[in-house]
Amino acid sequence: MHPPLTLHRHPMCAEIIEEFQKCHLDHPVKKFFGECTDLKIKLDRCFRQEKALKRKANFEESKKLKEQLQAYKREMSEKNEE
């Protein structure tokens, strides 16, 4: 199972999505017998790569926010001590 095939949500995989959708349109019956399986495999790999990149970016962002929060807490504790 794959996520919804919307091009704006998956710009990295847009080309493969279009090929996959075209394959399904061109082969309405053969798609059930593996005609588009190679494209499906490529699409799944692309989605995994895209997810890994997003996960890494989110981790870096959360790391920055955590550092900012800790700096703010230190600053506030220093002000309270004075």
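This note walks through a predicted model point by point, from its core to its charged pairs.

1. **Ground rules.** Residues are numbered from 1 along each chain as its sequence is written, and side-chain values use heavy atoms, with hydrogens and water left out. Because the model is predicted, local features need pLDDT of at least 70 and side-chain atom pairs count only at pLDDT 80 or more, while totals for chains, interfaces and linings use all residues.

2. **The core.** Start with the largest nonpolar core, which has 11 residues: Leu5, Cys13, Ile16, Ile17, Phe20, Cys23, Cys36, Leu39, Leu43, Cys46 and Phe47. The elements giving two or more residues to this core are α1 (14-26) and α2 (37-81). A nonpolar core here is a set of buried Ala, Val, Leu, Ile, Met, Phe, Trp, Tyr and Cys residues joined through side-chain atoms within 4.5 Å. Buried means under 20% relative accessible area, exposed means over 50%, and partly exposed is in between (1.4 Å probe, protein chains only). The helices are DSSP runs (H or I, at least four residues), numbered from the N terminus. As background, nonpolar side chains tend to be buried together in soluble globular proteins.

3. **Helix α1.** This helix has 13 residues and reaches 18 Å from its first C-alpha to its last, close to the 18 Å expected at 1.5 Å a residue. The expected span is 1.5 Å times one less than the number of residues. Which residues of α1 are buried? They are Ala14, Ile16, Ile17, Phe20 and Cys23. What covers these buried residues of α1 includes α2.

4. **Phe47, a core member.** Leaving aside residues up to four places away in sequence, Phe47 touches His2, Pro3, Leu5, His10, Cys13 and Ile17. Touching means contact, that is, heavy atoms within 4.5 Å. Among these partners, Leu5, Cys13 and Ile17 are also listed in the core.

5. **The Cys13 link.** How many disulfides are there? The count comes to 2 disulfides, each being a pair of cysteine sulfur atoms within 2.5 Å. One of them joins Cys13 to Cys46, with S to S at 2.0 Å. This disulfide links distant parts of the chain: Cys13 sits in the segment before α1 and Cys46 in helix α2, 33 residues apart. The link of Cys13 and Cys46 is left-handed, with -100° about the S-S bond. Cys13 counts as buried because its relative accessibility is 1%, and Cys46 is buried too, at 7%.

6. **The Cys23 link.** Cys23 and Cys36 form a disulfide as well, with their sulfur atoms 2.0 Å apart. Here the connection runs from Cys23 in helix α1 to Cys36 in the loop between α1 and α2, 13 residues apart. The torsion about the S-S bond of Cys23 and Cys36 is about -95°, so this disulfide is left-handed. Both Cys23 and Cys36 are buried. If you number the bonded cysteines of the protein chain in sequence order, the pairing reads 1-4, 2-3.

7. **Salt bridges.** The count comes to 3 salt bridges, where a salt bridge is a side-chain nitrogen of Lys or Arg within 4 Å of a carboxyl oxygen of Asp or Glu. In helix α1, Asp26 pairs with Lys22 (2.6 Å, N to O). Asp26 and Lys22 are separated by about one helical turn, because they are 4 residues apart in α1. In helix α2, the closest N and O atoms of Lys40 and Asp44 are 2.8 Å apart; these two residues are also 4 residues apart, about one turn of the helix. The remaining pair is Glu75 and Lys79, at 3.8 Å, N to O. Glu75 counts as partly exposed, at 40% relative accessibility, whereas Lys79 counts as exposed, at 52%.

8. **One to look at: Glu50.** Glu50 is found in helix α2. Is Glu50 buried or exposed? Glu50 is buried yet has no salt bridge, and the nearest side chain of opposite charge, Lys54, is 4.4 Å away. For charge, Lys and Arg count as positive and Asp and Glu as negative, while His and the chain ends are not counted. Not counting residues up to four places away in sequence, Glu50 touches Arg9, His10, Pro11, Met12 and Cys13.
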